[in-house]
Amino acid sequence: MEKQPRLLASQLLLKNSLFEVSLNRVLLTWKEIATKKKRVSGGIHHPFKVGTSHGVSVSEILAVRELDVDSETKDDGRWQKMPQKSTEAYPYAFTVSYVERAWQHRWRCSDVTFHCLEGALCQQWVQTIREQLTALTSRPKHLLVYINPYGGKQQGERIYEQKVAPLFTLASISTHVIVTEHANHARDHLRTEAELKKYDGVVCVGGDGMFSEMVHGLVSRTQRDNGVDQNSPEEKLVPCTLRIGIIPAGSTDCICYATVGINDPVTSALHIIVGDAQPMDVCSVHHNNTFLRYSVSLLGYGFYGDVLADSERKRWMGPARYDFSGFKTFLTHHYYEGTVSFLPATDILGTPRDKTRCRAGCFICQHNGQLYSEDHQPLFLLPEYKGGWRVIRGKFLAINAASMSCACPRSPKGLSPAAHLADGTTDLILVRKCSRFNFLRHLLRHTSKYDQFDMNFVEVHRVRRFRFTPRYCQSDSELDLRENGKRLFSQICRDHPACSCSPAYSSWNCDGEILPHAAIEVGLVRIKGKILDENLLQSAQTGVKVHLPFGQ
């Protein structure tokens with residue numbers, strides 16, 4: 001790496017010790033000046049060298065401001081430690097606020113205050129640092145913020161006001177805040193009313209549902225403004241220009257956890273401030289050439305669809321409804337017959353079982369994403385017996401498509417630990433009919449270190465596209481007759497799982513929303529977007545594209 005020339009270098013006072021402080025276009029460093037002090041022990045004099053070097057990247061400096069030294073020494077009625085060296089000889093000071101990395105991917109805001117001999121020198125340091133910060137074009141200056149006051153534990157407004165807003169103010173970021181009043185408020189506002197040209201990005205304070213709303217609003221607005229028909233699976237979508245940031249304030253915050261590695265509002269806010277970004281793809285879901293939704297993280301049919309459908313009827317229980325509905329769905333143990341057709345991702349690096357965790361700047365994402373761009377084929381034009389499509393028919397307890405690891409605090413590895421955020425693929429997980437005991441083993445492995453795919457009734461494929469057709473939707477007239485009869489009797493005994501009457505079809509869980517159709521077509525749509533939230537653990541491309549990265 002080419003050595004950067006110094007912009008400034010001075011001897012400044014820090015915590016009653018002299019430091020050599022240096023600034024170039026990349027780093028701000030300070031190193032304590034070595035001195036010799038005499039230390040007496042048993043009549044022997046020992047030279048004592050002090051000083052360690054510290055540094056912070058210019059890109060991770062949040063702000064710099066002049067400090068009123070007199071205000072530091074005012075008597076506020078509290079006991080104070082007397083300084084060993086008076087700062088009277090250094091009457092001018094400035095404070096640098098910067099990002100400090102803590103444990104488990106946490107970021108915190110730290111301050112360091114330097115004292116100067118002359119006011120002109122102090123102002124020169126402040127002005128030079130500010131010029132370097134201004135030159136960082138990736139940083140947002142104006143943000144549109146949506147707060148969901150009802151998500152999770154209904155703490156969205158408090159989290160923003162107490163933890164996030166002060167950091168935005170410190171970094172001189174102006175914000176326009178909208179507290180949503182109903183479901184899809186943010187989506188509809190982005191689609192129609194928002195003056196997007198005024199902002200460098202949009203931020204959601206909420207959970208996965210809030211993030212999904214904003215993706216749909218921005219993507220739909222962009223396509224409408226450019227005359228693109230979203231209902232056509234083969235249509236090439238126009239890239240979004242705005243970035244999206246996430247401040248976690250939901251029930252599970254799966255998207256934030258799977259990408260950042262931790263659900264911490266301060267960490268996310270700091271990544272937004274420094275302008276970190278990482279590509280992330282999303283699935284587009286169609287039914288009979290009609291656009292349904294975009295999926296950012298999980299598409300789940302069978303078990304996860306049933307859990308969501310049942311939990312929606314128990315919203316009065318709060319977040320506990322997911323545990324209750326999950327246990328109930330596990331006991332009913334319904335399976336569903338159908339046909340899964342998919343186009344395997346060929347000539348790519350990595351497999352769903354290679355234990356390679358995706359990071360920011362992931363080589364696999366860069367390589368596979370390039371292949372996807374060069375070899376993009378129209379969606380759903382090829383028959384199942386051509387073009388490398390594979391067909392699997394059977395009885396399934398769950399059919400899942402993971403566009404990212406889908407990790408969360410309860411499942412630190414996620415549904416597919418090796419899934420990538422920006423490689424143009426999704427991991428298709430098929431769980432065939434098995435005993436309750438074996439299915440429980442599979443579910444428990446989501447929370448352990450063992451390979452959750454190492455079971456004979458589970459298979460996983462890295463695919464570019466797939467479609468699913470329930471058995472009752474297939475064209476065979478005799479099959480339709482049998483299924484109709486089965487649905488008739490299942491209506492009578494649907495509340496009695498002991499009779500083994502399984503319903504004809506389940507629901508698709510699309511990022512926490514129920515899709516109205518069971519037969520769907522899923523493909524990859526590449527949209528250049530950016531998510532302001534950086535500290536990503538993962539990095540994959542599976543449909544619509546957005547952005548995030550991983551903190552070192």
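## Two loop residues with positive phi

Let's start in the loop between β1 (6–14) and β2 (17–24), which is where asparagine 16 sits. This is a predicted model, and in it the phi angle of asparagine 16 comes out near 65°, a positive value in a residue other than glycine. Is asparagine 16 buried or exposed? Neither, quite: with a relative accessible area of 28%, asparagine 16 is partly exposed, because that label covers values between the 20% limit for buried and the 50% limit for exposed.

Further along, histidine 333 also has a positive phi without being a glycine, this time near 55°. You'll find histidine 333 in the loop between α9 (320–332) and β17 (336–344). Its relative accessibility is 16%, so histidine 333 counts as buried, the cut-off being under 20%.

## How α4 and α5 pack

Now for a pair of helices. Two packed helices are described by the angle between their axes and the distance between the axes. Here the pair is α4 (residues 185–192) and α5 (residues 208–225), whose axes come within 8 Å and cross at roughly 20°. Since angles under 35 degrees count as roughly parallel, α4 and α5 are therefore roughly parallel to each other. As for handedness, the crossing of α4 and α5 is right-handed.

Which residues of α4 meet α5? On the α4 side they are His185, Ala186, Arg187, His189, Leu190, Arg191 and Thr192. Facing them in α5 are Met210, Glu213, Met214, His216, Gly217, Leu218, Ser220, Arg221 and Arg224. Sorted by class, this contact of α4 with α5 is a mixed bunch: five nonpolar, six polar and five charged residues.

## Two arginines and one aspartate

Searching the whole structure turns up 15 salt bridges. One of them joins arginine 106 to aspartate 264, with the closest N and O atoms 3.5 Å apart. Arginine 106 is in the loop between β8 (92–101) and β9 (107–116), while aspartate 264 is in the loop between α6 (254–260) and α7 (265–274), so this pair ties together parts that are 158 residues apart in sequence. Arginine 106 is partly exposed at 23% relative accessible area, whereas aspartate 264 is buried at 7%.

Aspartate 264 also forms a salt bridge with arginine 108, where the closest N and O atoms are 2.8 Å apart. Arginine 108 belongs to strand β9, and aspartate 264 to the loop between α6 and α7, so the pair ties together parts 156 residues apart in sequence. With a relative accessible area of 29%, arginine 108 is partly exposed.

## A buried pair and a network

How far apart are the closest N and O atoms in the salt bridge between aspartate 427 and arginine 462? They are 2.8 Å apart. This pair links distant parts of the chain: aspartate 427 lies in strand β19 (residues 426–432) and arginine 462 in strand β20 (residues 458–470), 35 residues apart. Both aspartate 427 and arginine 462 are buried.

Finally, there's a small group to look for. Asp310, Arg313, Lys314 and Lys328 are joined into one network by salt bridges that share partners.

Note on methods
Residues are numbered from 1 along each chain as its sequence is written. This is a predicted model: local features need pLDDT of at least 70, side-chain atom pairs count only at pLDDT 80 or more; totals for chains, interfaces and linings use all residues. Side-chain values use heavy atoms; hydrogens and water are left out. Helices (H or I, at least four residues) and strands (E, at least two) are DSSP runs, numbered from the N terminus. Buried means under 20% relative accessible area, exposed over 50%, partly exposed in between (1.4 Å probe, protein chains only). Axes are lines fitted to C-alpha atoms, for helices over the stretch in contact, and angles run from 0 to 180 degrees between N-to-C directions. Angles under 35 degrees count as roughly parallel, over 145 as roughly antiparallel, 65 to 115 as roughly perpendicular and the rest as oblique. A crossing is left-handed if the near helix is turned anticlockwise from the far one by less than a right angle, and right-handed if clockwise. Contact means heavy atoms within 4.5 Å. Ala, Val, Leu, Ile, Met, Phe, Trp, Tyr, Cys and Pro count as nonpolar, Asp, Glu, Lys and Arg as charged, and the others, Gly among them, as polar. A salt bridge is a side-chain nitrogen of Lys or Arg within 4 Å of a carboxyl oxygen of Asp or Glu.
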